[in-house]
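Grab your viewer and work through a few short exercises. Try each task yourself before you read its solution.

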Amino acid sequence: MRLADLTVRDLRLALGQLLAAIVFFALVWKILAPFLPAIVWAAILVYATWPLSAPLRRHWPPLLAACGATFMLALIFILPVLFLSMTLGTELHHVLTELSQQDAHTLVSTQWSDNGWIQDLLQQIPPSWKAQFQPGALSPDLSAWAGRIGMLAGGIGRIAALLVLVLITAFFFYRYGLELLDQLRRMVHQVLGQRGDNYLQTVAITIRAVIYGILATALAQGVLAGLGYWATGLPAPVLLAVVTLLFSFLPFGTPLVWGAASIWLLVHGQIAAGVGLALWGALVVSWIDNLIRPLVISSAVHIPFLLVLFGVLGGILTFGLLGLFLGPVILAILLAIWREWLQPVQSAEI
């Protein structure tokens, strides 16, 4: 009877501890969830720039080395992204505001007056549709869009706050990164044993491969877009190629550059060049991202190309820009577990 009571008492104690642990970790998640993107981005960027900060750690005191590395990170990654985001929002707002003050029908007639087939096409537009292009008809819609873009530009403040949190977190990662990594390894080793080291190595290799894939993709998109700008006769094709390379680090950034260039060509009556550049950008410049990055990751991590492709695209759809890293990492760990499970079966067959 006493043994039965002891067993029931232990069961209640275990259930109580489990419930307390669930409540505790739920509260921790609730507190840290808003800051997880900043923490993850800081960890990724610090890992990417850790070799660059090695000279600082060797010659400077730890605190000054962490400050110098954080300043270097801001110069390399954070400030350019913030500048591009602010520039993009401001320019889109100005363009839509100017268009809202113009007569769209007059604009088309003035810029494309030399293209007779376009004038014939305009004559075939139904009267109800033409009313949308009369003076003042298009202005409210474009004004509304300008207001939406203005709200989007107002969200730059939230992005800036996130980047500040990333920099603050990165400073502490630079300062205490080795200690945190050692504690992480010991924790994973206690939970998963020896296989935990293999999983951590897989994560490290995958993140490094994703970083290399991003850089290779940006370079390829800049070069290919530059060829398109040069072939269509746009002024300053090298400068536009550099801008495209920089915007490739933003989600769906490259279409904003080659798309704006295509519209500029169309508005100035260069129909073939504008359509050709739009097709080149959509079919080559933008889609090269889905080819180069998975190839670089699969060759570095030795996982199938299709799995990497699903990891990149599915990760972006699920987690946003962070999914660019989380998707391939999760699938790489899954493949490592799969191979580990298959290894004893293959050894038994041999």
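The exercises below go from the whole chain down to single residues, and they all use a predicted model.

**Exercise 1. Get the overall picture: work out how many helices and strands the chain has, and what share of its residues is buried.**

Solution.
- Start with secondary structure: you should end up with 16 helices and zero strands.
- Next, burial. Of the 350 residues in the chain, 32% are buried, where the cut-off is under 20% relative accessible area.
- Then look at the outside: the chain exposes about 21800 Å², and 73% of that comes from carbon and sulfur atoms.
- Last, sort the contacts. Take those between residues at least 6 apart in sequence; 69% of them join residues at least 24 apart.

**Exercise 2. Compare the UniProt record with the coordinates for residues 12-32 and 38-56.**

Solution.
- Begin with the record: the unreviewed UniProt entry puts the feature "transmembrane region" at several spans, including 12-32 and 38-56.
- Now check residues 12-32 in the model. This span is 100% helix and 0% strand, and its end C-alpha atoms are 30 Å apart.
- Do the same for residues 38-56. Here you get 79% helix, again with 0% strand, and 24 Å between the end C-alpha atoms.

**Exercise 3. Find the nonpolar patch on the surface that contains F172, and say which helix gives the most to it.**

Solution.
- Collect the members: alongside F172 you'll pick up I31, L32, F35, V164, L165, I168, Y176 and L180, and together they have about 800 Å² of accessible area.
- Map these onto elements. Helix 1 (2-32) and helix 9 (156-192) are the ones that give two or more residues to the patch.
- Count the contributions: helix 9 comes out on top with six residues.
- Zoom in on F172, which sits in helix 9. Its relative accessible area is 43%, so F172 counts as partly exposed, a class that runs between 20% and 50%.

**Exercise 4. Decide whether P328 is buried or exposed, and list what surrounds it.**

Solution.
- Locate P328 first: it belongs to helix 16 (residues 323-349).
- Check the accessibility. P328 has a relative accessible area of 1%, therefore it is buried.
- Skip the neighbours within four places in sequence and list the contacts of P328 that remain: T206, V210, I297, G311, V312 and G323.
- For one more distance, take I303, 25 residues away from P328 along the chain; the two C-alpha atoms are 9.8 Å apart.

Notes
Residues are numbered from 1 along each chain as its sequence is written. This is a predicted model: local features need pLDDT of at least 70, side-chain atom pairs count only at pLDDT 80 or more; totals for chains, interfaces and linings use all residues. Side-chain values use heavy atoms; hydrogens and water are left out. UniProt positions are given in the numbering used here, feature names are shortened, and annotations may be inferred rather than shown by experiment. Helices (H or I, at least four residues) and strands (E, at least two) are DSSP runs, numbered from the N terminus. Patches are made of residues with over 30% relative accessible area and no salt bridge: like charges are joined within 9 Å, nonpolar side chains (Val, Leu, Ile, Met, Phe, Trp, Tyr) within 5 Å. Accessible areas come from the Shrake-Rupley method with a 1.4 Å probe; for residues, only the protein chains shown count as cover. A salt bridge is a side-chain nitrogen of Lys or Arg within 4 Å of a carboxyl oxygen of Asp or Glu. Buried means under 20% relative accessible area, exposed over 50%, partly exposed in between (1.4 Å probe, protein chains only). Contact means heavy atoms within 4.5 Å.
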